[in-house]
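Visitor: I am new to this structure and would like to learn how to read it. Could you take me through a few features, with the general idea before each case?

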Amino acid sequence: MDMTSGTNYRAVGRISGIIEALVDSEEPQRLVDLAREIDAPPSSVHLLLGEMCRVGLVQISPERRYTPGPALVSLAFRIVEKNQLIGATEPIMSELMEQTGEDVYLVFSHERAVHYAHRVCHERGLRLDISLGSTRDLHSTAAGQLFLAMMSPEEREDTMANLRWTKHTEHTITTPEALLSRLEEVRHRDWAMTDRENHPGVISVAVPIRANGPRVVAALSVSVINNQEPDNVDHVIECARAAARRLSLELGGEKAIASVR
């Protein structure tokens, strides 16, 4: 093996190590942390990070801390399409779709946004035209509010400090005080609902999916037109919660049963 090949192999190994370190970390990482983690000179890691930022595999904050970038997240969602979670959710999402007569989405949270990873569509469902892999704001969506409510206080404070607070409709929550009040309700009841806060005329419901203990790993989201009778909305909530509990139990979510109490 010549020196060029050896250098290339070493760079590939370091890039792999950087990605793994960023994905596994719960906090944005500094250059020195990453260099220590993969046992490489900071100068070499800095060069690699510069190129990874350029292509979107990582992104850097104004505080010079690194997190997974949009290209890496997009790649992850394409992989997720084939992984166990999609396989486990497909039949339950399809059943929920039939029960409610509405489209059902599988949603993840990443980098102060919600990401739509999978969906099943009812022929007469409310079509919001949300493309897979697209993002929406945390503060204005039912799934986003659910994820915020389930964060630790420290993570929630940091995340909310960096929200854009875009006003999508006249009903969008745009202040930390109002959102915190809503999140307290969400945390207590273990599901979230928004009423015309992200789309005019649309009520959205989101319920948590837990795996390997109490950790919320994703959400199921269903949307209906807001002129529905209250009993119809209650039916959607009841069906969505039951679907999420079943799925959480299949994935080993220890808190799934407790959420019905």
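Guide: What follows is a short conversation about cores, a helix pair and a single residue. This is a predicted model, in which local features need pLDDT of at least 70 and side-chain atom pairs count only at pLDDT 80 or more, while totals for chains, interfaces and linings use all residues. Residues are numbered from 1 along each chain as its sequence is written, and side-chain values use heavy atoms, with hydrogens and water left out.

Visitor: Which residues have the most contacts inside the largest nonpolar core?

Guide: In soluble globular proteins, nonpolar side chains tend to be buried together. A nonpolar core here is a set of buried Ala, Val, Leu, Ile, Met, Phe, Trp, Tyr and Cys residues joined through side-chain atoms within 4.5 Å, where buried means under 20% relative accessible area, exposed over 50% and partly exposed in between (1.4 Å probe, protein chains only). The largest has 32 residues, and those with the most contacts inside it include Leu 96, Leu 106 and Leu 220. Helix α9 gives the most to this core, with 8 residues; helices and strands are DSSP runs (H or I, at least four residues; E, at least two), numbered from the N terminus.

Visitor: How do the axes of α2 and α3 cross?

Guide: Two packed helices are described by the angle between their axes and the distance between the axes. The axes of α2 (residues 31-38) and α3 (residues 42-54) come within 9 Å and cross at roughly 110 degrees, which makes α2 roughly perpendicular to α3 (65 to 115 degrees). Axes are lines fitted to C-alpha atoms, for helices over the stretch in contact, with angles running from 0 to 180 degrees between N-to-C directions.

Visitor: Is Ser 221 buried or exposed?

Guide: Ser 221, in strand β8, counts as buried because its relative accessibility is 7%.

Key:
Parallel < 35°, antiparallel > 145°, perpendicular 65-115°, else oblique.
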